[in-house]
Amino acid sequence: MADQVPLVSVVLGEAEERLVLEVLRSGQLAQGPKVERLEGLFCEVTGTAHAVALNSGTAALAASLDVLGVGAGDEVITSPLTFGATLNAIIKAGAKAKFADITDDLTIDPLAVESLITDRTVAVMPVHLYGLPADMTRIMRLADGKGIPIVEDAAQAVGATVEGRPVGSYGLGCFSLYATKNVTTGEGGIVTTDDAGLAGLLRLLRNQGMRGRYDYARIGDNLRLTDVQAALGIPQMEQLSTIAESRRRNAQYLIAGLQGIPGLELPSVPEGRFHVFHQFTVRVHGEALLDRDELASELAVAGVQSSVHYPRVVFDYDCYADHPQVEVGDVPRAREAARQVLSLPVHQHLSGVDLDTVIGAVGHLLRA
Ligand SMILES: *Cc1c(COP(=O)(O)O)cnc(C)c1O
């Protein structure tokens with residue numbers, strides 16, 4: 001399998017090594033100046049006043065709901081086509097999860113969100129899936145009108161924008177620094193916000209609720225990121241526009257090479273939205289020569305890794321079935337997408353030969 005075109009490739013360079021060594025030699029391994037620098041870079045990229053680093057993207061989502069005061073009896077609206085962390089965070093907060101169906105771009109449909117809003121709705125949680133921002137302009141119009149806070153699941157979308165406005169700036173922006181994400185520290189998360197009060201609460205929450213040493217101001221937790229981890233993220237954040245641009249260039253190349261294949265729907269980017277291509281996800285329709293799963297296994301034989309994000313809508317598992325905090329809705333478009341989506345390699349370390357291998361393999365398998 002060594003010469004497969006990989007779906008994920010993590011390459012850290014001398015800048016990361018140098019900063020990590022600095023931390024190791026400083027003897028201060030826990031949260032310190034590197035975490036603060038990483039937070040500053042997230043403020044720059046998102047244009048927000050505050051960024052709070054936590055130890056995972058899941059913690060970022062859960063802590064955001066916590067500081068908004070979300071709890072039992074409350075309702076949070078999110079996307080059915082997402083990673084389990086989105087739903088788990090809502091359940092952990094004690095709230096009920098409701099699911100708005102998606103549009104053709106695979107992000108949450110503002111009209112569906114609107115139809116689910118009740119007087120118990122305390123947050124809308126759009127997911128910027130695969131690096132494509134949700135339709136934030138319309139979602140904000142809705143949420144602002146009703147005074148409902150936004151918690152963005154921006155785990156896959158650092159650097160993405162809508163009409164020039166960065167994701168993470170629409171409310172509480174939740175990013176992940178997990179090993180496969182566009183910027184990684186192995187594990188890690190960030191919450192961005194313009195709200196000084198919420199940022200202060202997040203800082204309390206991540207550090208056992210302590211205002212000062214042994215001065216407990218609220219019930220807290222240990223959600224801290226280490227300086228060793230933050231050191232890894234700093235050079236990548238400094239190179240973020242280069243990372244996004246090469247992923248976008250690779251996506252354009254794939255789109256050009258995969259045009260016109262019967263039954264293969266390529267990613268399309270709605271007007272005004274800047275997609276950072278965490279994933280390059282195609283849809284395989286009924287008229288294609290192979291179905292989605294056959295295509296994935298034949299691609300593996302041809303030396304191209306691929307992956308399904310996600311094989312089912314997020315609540316379609318036994319552990320969520322009949323759960324009192326999961327309101328299973330009618331989401332036919334998300335269910336159909338889950339049967340059709342397939343992610344192909346698009347990351348910034350692919351060579352031209354790799355991209356041609358992907359295009360050649362898909363074309364060979366699906367062109368009559
Ligand atoms: C990765 C991811 C998360 C969770 O982030 P972790 O850092 O792994 O906890 C949440 N939502 C989405 C959509 C993700 O892709």
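**Notebook: strand β8, the cores and the largest pocket**

I began with one pair of residues: G173 has T192 as its bridge partner in β9. The model I am reading is a predicted one.

I then looked at the two strands around that pair. Strand β9 covers residues 189–193 and is joined to β8 by four bridges, with the two strands running antiparallel. On β8 I also looked up strand β5, residues 151–153. I found that β5 and β8 pair in the parallel sense, over three bridges. One residue pair I noted here is V151, whose bridge partner in β8 is L172.

Next I checked how covered β8 is. The strand spans residues 172–176, and I noted five of its five residues as buried. I sorted them by face: L172, C174 and S176 lie on one side, G173 and F175 on the other. Both faces are covered.

Which residues have the most contacts inside the largest nonpolar core? I found L65 and L87, in a core of 48 residues. The elements that give two or more residues to this core include β8, along with β1 (50–54), β3 (96–99) and β4 (121–125). Helices on that list are α3, α4, α7 (196–206) and α11 (332–340). I noted α3 as the source of the largest share of this core, seven residues.

I followed L65 further, leaving aside its neighbours within four places in sequence. L65 is in contact with V70, V76, A89, I90, A93, A123, M125 and V151. I had already met V151 as the bridge partner of L172.

Apart from this core I found another, of 29 residues. I wrote down A251, F277, L355 and V362 as being among them.

My last entry is on the largest pocket, where I read a space of about 800 Å³. Which residues are closest to the centre of this pocket? I listed Y178, T180, K181, N182 and H278, out of 48 residues that line the pocket.

I sorted the lining of the largest pocket by class and got 21 nonpolar, 22 polar and five charged residues. Then I looked up where the lining comes from. Helices α3 (57–67), α4 (84–93), α8 (227–238) and α9 (240–257) each supply at least two of its residues. I noted α9 for the largest share of the lining, four residues. Helix α3 is thus in my notes twice, once for the core and once for the pocket lining.

Terms used
Residues are numbered from 1 along each chain as its sequence is written. This is a predicted model: local features need pLDDT of at least 70, side-chain atom pairs count only at pLDDT 80 or more; totals for chains, interfaces and linings use all residues. Side-chain values use heavy atoms; hydrogens and water are left out. On a 1 Å grid over the protein atoms alone, a cavity is a set of points where a 1.4 Å probe fits but cannot get out, and a pocket is an open set with protein on both sides within 12 Å along at least five of seven lines; lining residues have an atom within 4 Å of a point. Grid points are joined across faces, edges and corners, and a volume is the space filled by probe spheres set on the points. Ala, Val, Leu, Ile, Met, Phe, Trp, Tyr, Cys and Pro count as nonpolar, Asp, Glu, Lys and Arg as charged, and the others, Gly among them, as polar. Buried means under 20% relative accessible area, exposed over 50%, partly exposed in between (1.4 Å probe, protein chains only). Two strands pair if DSSP finds at least two bridges between them. A nonpolar core is a set of buried Ala, Val, Leu, Ile, Met, Phe, Trp, Tyr and Cys residues joined through side-chain atoms within 4.5 Å. Contact means heavy atoms within 4.5 Å.
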